[in-house]
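Okay, thanks everyone, I'll keep this short. Have a look at the structure on the screen while I talk you through a pocket and a couple of salt bridges.

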Amino acid sequence: MERSPEGHVEGPVMKADTIVVGFDGSDNSHRALEAAMELVSEQGIVHVVTAFHMRSAAQTAEMMASLPEEFRGSFDLMEGPRTHLHDAEALLDNGGVDHKGHLVEDDPASAILDVADEVGADLVIVGSRGLGRVARFLRGSVSTRVASHARTSFLVVTDHGGDEE
């Protein structure tokens, strides 16, 4: 399989009907979303998963107390995850791709795997953060966990210029 200078696959490519892609707003999650748009069949659907962790009541209270009073009423803990999901859905809309968004309270790998099982995904796509070996060992890796536990085909999209996970 050859790639064009832009990194796109050239030649015949197998298409998938149901793709699950993890999206956190990072450059590599954008690359994963672009791959999903290229690989989804005409009648297929892309499920975008954005995971988040809610802070405990004590953590939230502590964080709110540290904000200037004029911002406390307008601060939204879910703004980041909702914005990421909205951005991904807008890109899919612009590309004419059928999609469904999933905002999931869980760690990213579990959220992606659970949605993949729930929708019967043909393919799971995630971006790689390009962690080094030590950081990957200490902190773990979403792409490594997905690769280890996926019950379907998976694709890890990496930054062409960085370290591969």
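Quick bit of vocabulary before the pocket: when I say a strand, I mean a DSSP run of E with at least two residues, and a helix is a run of H or I with at least four, numbered from the N terminus. And keep in mind that this is a predicted model.

So, the second largest pocket. It holds about 330 Å³ of space. There are 23 residues lining it, and the closest to its centre are G22, F23, D24, P108 and V142. Which elements give two or more residues to that lining? That would be α1, β4, α5, β6 and α7. The top contributor is β4, which puts in four residues. By class, you've got eight nonpolar, 11 polar and four charged residues in the lining.

Now the salt bridges. How many does a search of the whole structure find? Two.

In one of them, R145 pairs with D107 at 2.7 Å, N to O. R145 sits in helix α7 and D107 in the loop between β5 and α5, so this pair ties together parts that are 38 residues apart in sequence. Buried or exposed, what about D107? Its relative accessible area is 19%, and buried means under 20%, so D107 counts as buried. R145 is partly exposed, at 34%.

Then there's R151 with D117, at 2.9 Å, N to O. Here R151 is in the loop between α7 and β7, while D117 is in helix α5, 34 residues apart. R151 is exposed, with 72% relative accessible area, and D117 is partly exposed at 40%.

Key:
Residues numbered from 1 in each chain as written. Predicted model: local features only at pLDDT ≥ 70, side-chain atom pairs only at ≥ 80, totals over all residues. Heavy atoms only, no water. 1 Å grid on protein atoms, 1.4 Å probe; cavity = no way out; pocket = protein on both sides within 12 Å on 5 of 7 lines; lining within 4 Å. Points joined across faces, edges and corners; volume = space filled by probe spheres on them. Nonpolar A, V, L, I, M, F, W, Y, C, P; charged D, E, K, R; others polar. Salt bridge = Lys/Arg side-chain N within 4 Å of Asp/Glu carboxyl O. Buried < 20%, exposed > 50% of the residue type's maximum accessible area, 1.4 Å probe, protein only.
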